[in-house]
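Here's a quick briefing to read alongside the model. Grab a viewer and follow along, topic by topic.

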Amino acid sequence: MPALMALRKRAQGEKPLAGAKIVGCTHITAQTAVLMETLGALGAQCRWAACNIYSTLNEVAAALAESGFPVFAWKGESEDDFWWCIDRCVNVEGWQPNMILDDGGDLTHWIYKKYPNMFKKIKGIVEESVTGVHRLYQLSKAGKLCVPAMNVNDSVTKQKFDNLYCCRESILDGLKRTTDMMFGGKQVVVCGYGEVGKGCCAALKAMGSIVYVTEIDPICALQACMDGFRLVKLNEVIRQVDIVITCTGNKNVVTREHLDRMKNSCIVCNMGHSNTEIDVASLRTPELTWERVRSQVDHVIWPDGKRIVLLAEGRLLNLSCSTVPTFVLSITATTQALALIELYNAPEGRYKQDVYLLPKKMDEYVASLHLPTFDAHLTELTDEQAKYLGLNKNGPFKPNYYRYCSTTSLFILP
């Protein structure tokens, strides 16, 4: 994780997070441990819970606890355990958080619901998922957001690298580890063509799969068509596809009606943050039989013998069933750390009770920290060129409205 190491080295003497008390709710993996250690090295105190009941690596949680980080999480929590862990994380005598790092919005929701007075001392929220950001914008629109919030999910370095490149690799890893399947010739429908959907589609098409896309947004839909994918409604292909993948951030994308119409042995999984995309609750009925065949893999069997293969009970596939590339998580974790530093040290009045994007200059800084890994050398503008373009030689180099390319046609193997 080169950028986190560089950030730790550059900022350690300054201790920019001295006095920060950060409560976090993210996936607890080895990469998260490096982030927590970095935050500690920069002066912060941290307490942590997991944002997903299946993604915690127990050995990592144990190592963090042994190192002095209060961690409340284990792999395979129940729903009650999940909320108990979050409560233990924030409800402690003699310690009150002044910063929140969230992934999905559950921690923020819990504090709003149970301990609203805590927001009197909280300086800001950093949120990294589509689901959590949506919740923050809802609070802001309703006038209920009590503190400034940083939308890390839509920062360039998170969206274009974690959401796109990470999912392009981890979708194949998660499916292989759980099902040992062959991708060539398989018919796959990917629900949603945002950055996550683009990454999934590119990987599956490169492996020889026949890929369909569902989408509500005409711009994303047109991108899918231009990238060579067939745009359909889910009910048009549900009887014939071999794999259904959701990545929309929405709810009830795959309903019981869709599940009833799927072919025998259809694989169903989710690459979005929340477990609401597939209506798993509708499958827990007396007429259906659940059979656990291996960790995170269930066969749900209908009375006529038809079965579907449900992965991670509809929760996030890659972090529940496999791993994600450390290098990409270095980009995301560094973005989170910089967002925490920015909000914590911002003078009063710079940020109001609203949702903000990470300043473009910071996005560029995160990217620059990762370039030495590739022995990459940036071209520098001359004074004349900078004046011609109206730019500072040191950036930012693009306006906030600039849209970085994310077409998957760049990634598809011949």
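**Odd spots in the backbone, and a record-marked site**

P396 sits in the segment after α15, which spans 383-389. This is a predicted model, and the peptide bond leading from G395 into P396 is cis in it, with omega near 0 degrees. Most peptide bonds are trans, and most residues other than glycine have a negative phi. With that in mind, here are the backbone exceptions, then the annotated site, then a polar pair.

**Positive phi outside glycine**

- D180 isn't a glycine, yet its phi is positive, at about 55 degrees.
- You'll find D180 in the loop between α7 and β7, the latter covering 187-191.
- D180 counts as exposed because its relative accessible area is 54%, and the cut-off for exposed is over 50%.
- A312 is another non-glycine residue with a positive phi, near 55 degrees.
- Look for A312 in the loop that runs between β14 (307-311) and α12 (317-321).
- A312 has 0% relative accessibility, so it counts as buried.

**The annotated binding site**

- An unreviewed UniProt entry places a "binding site" feature at T29, D103, E128, K158 and D162.
- T29, one of those positions, is in the loop between β1 (21-26) and α2 (30-41).
- Is T29 buried or exposed? T29 is buried, because its relative accessibility is 6% and the cut-off for buried is under 20%.
- Leaving aside residues up to four places away in sequence, T29 touches S55, L57, V60 and L319.
- D162, also on the UniProt list, belongs to helix α7, residues 156-179.
- D162 has a relative accessible area of 10%, so it is buried too.
- Which residues does D162 touch, not counting those up to four places away in sequence? They are E128, T157, C167, V328, L329 and T332.
- Among those contacts of D162 is E128, which is itself one of the positions in the UniProt feature.

**A polar pair at E195**

- E195 is part of helix α8, which covers residues 195-206.
- E195 is buried, given its relative accessible area of 12%.
- The E195 side chain makes a polar contact with the side chain of K160, at 3.1 Å.

Conventions. Residues are numbered from 1 along each chain as its sequence is written. This is a predicted model: local features need pLDDT of at least 70, side-chain atom pairs count only at pLDDT 80 or more; totals for chains, interfaces and linings use all residues. Side-chain values use heavy atoms; hydrogens and water are left out. UniProt positions are given in the numbering used here, feature names are shortened, and annotations may be inferred rather than shown by experiment. Helices (H or I, at least four residues) and strands (E, at least two) are DSSP runs, numbered from the N terminus. Buried means under 20% relative accessible area, exposed over 50%, partly exposed in between (1.4 Å probe, protein chains only). Contact means heavy atoms within 4.5 Å. A polar contact is a pair of N or O atoms within 3.5 Å; within protein, one must be able to donate a hydrogen and the other to accept it, and residues adjacent in sequence count only if both atoms are side-chain atoms.
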